[in-house]
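The following exchange examines the grounds on which structural terms are applied to a protein model. Each answer sets a computed value against the criterion for the term.

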Amino acid sequence: MTNRTAAHRYAKALFEVVLAEKTDLEAVEEQLAGFVELQTKHETLGKLLLNPAVPAPRKRAAMEALVKSAVPLPVVGRLMVLLAERDRLVLLPELLAAYRDRLLEYRQIVRAEVTTAAPLDPTRSAAIEKSLEKATGKTVKLSASVNPNIIGGLVARVGGTVYDASVVRQLERIRQRLEERQ
């Protein structure tokens, strides 16, 4: 099993427990993010918790001390100790990303990445967001980027679907049709 798959399984289980215990979903996300930040910002701690040469009981003891001092929600504390015990703390960043995806899905929110040739003004951005909400039936969380190579139009990625309305793509289609006719 890959780390990504394992992280997604842990995130799914965590999300189900959080819902069953009626725990604050956003608080769990914030606390997970805090533990990820702790691992990355404190180099010595990160080396201790992520080093495969350090025995799991030592990692568990370190995590228990962290949990005791940080006093997170019980479900987060249990998860952190469990991950340390199973020597799976390396999964934490991917687990956080998977948990955030589940949270968005639960809230009926979908991420959309829109690429345009020039920066979008706020009214155009809002119009695109509304169009994507209509197409998906969900609330859209829009992030925009600029790529002058698409010449004009836009490319929108919503989940696994790509809506390519760029000038470059339209020119490619015209070229293909012309080549087919020859």
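The questions below concern a predicted model, beginning with its sheet and ending with its surface.

Q: What makes E2 and E4 the edge strands of the sheet?
A: The sheet is open and has four strands in the order E2-E1-E3-E4, with mixed pairing. Strand E2 (139-146) and strand E4 (161-166) each pair on one side only, and are therefore its edges. On average, neighbouring strands of this sheet are turned by 15° against each other, direction ignored.

Q: How do you know that E1 and E2 are paired, and in which direction do they run, parallel or antiparallel?
A: Two strands count as paired if there are at least two bridges between them. Eight bridges join strand E1 (residues 109-116) to E2, so the criterion is met, and the two strands run parallel. One of the partnerships sets Arg-111 against Lys-141 in E2.

Q: What makes E3 a partner of both E1 and E4?
A: The requirement is at least two bridges for each pair of strands. E1 and E3 are joined by five bridges and run antiparallel, while six bridges join E3 to E4, also in antiparallel fashion. Both pairs therefore qualify. Val-158 in E3 stands opposite Ala-112 and also opposite Thr-161 in E4. Arg-157 has Val-162 in E4 as its bridge partner.

Q: What connects E3 and E4 in the hairpin?
A: Two residues lie between the strands, and Gly-159 in the turn has a positive phi of about 60°.

Q: How do you know that H8 touches the sheet?
A: Contact requires heavy atoms within 4.5 Å. By that criterion H8 packs on the sheet, touching strand E3 (153-158) and E4, and its direction makes about 80° with that of E4. Helix H6 (residues 92-106) lies across E1 and E2, running at about 105° to E1.

Q: Why is the pair of Phe-15 and Tyr-106 called edge-to-face?
A: Ring centres must lie within 6.5 Å for a pair, and planes over 60 degrees apart count as edge-to-face. Here the centres are 5.5 Å apart and the planes stand at 70°, so both conditions hold. The pair links distant parts of the chain: Phe-15 belongs to helix H1 (residues 3-20) and Tyr-106 to helix H6, 91 residues apart. The whole structure contains two aromatic pairs.

Q: Why is the contact between Arg-107 and Glu-26 called a salt bridge?
A: The N to O distance between these side chains is 2.8 Å. The limit is 4 Å between a Lys or Arg side-chain nitrogen and an Asp or Glu carboxyl oxygen, so the term applies. Arg-107 lies in the loop between H6 and E1 and Glu-26 in helix H2 (residues 25-41), so the pair ties together parts 81 residues apart in sequence. A search of the whole structure finds 12 salt bridges.

Q: Which residues form the nonpolar patch on the surface?
A: Ile-151, Leu-171, Ile-174 and Leu-178 form this patch, with about 390 Å² of accessible area together. Leu-178 lies in helix H8 (residues 167-181). Membership requires over 30% relative accessible area, and nonpolar side chains are joined within 5 Å.

Key
Residues numbered from 1 in each chain as written. Heavy atoms only, no water. Patch = residues over 30% accessible without salt bridge, like charges linked within 9 Å, V, L, I, M, F, W, Y side chains within 5 Å. Areas by Shrake-Rupley, 256 points an atom, 1.4 Å probe, with all protein chains shown as cover. Axes fitted to C-alpha atoms, helices over the stretch in contact; angles between N-to-C directions. Phe/Tyr/Trp six-rings, centres within 6.5 Å; stacked < 30°, edge-to-face > 60°.
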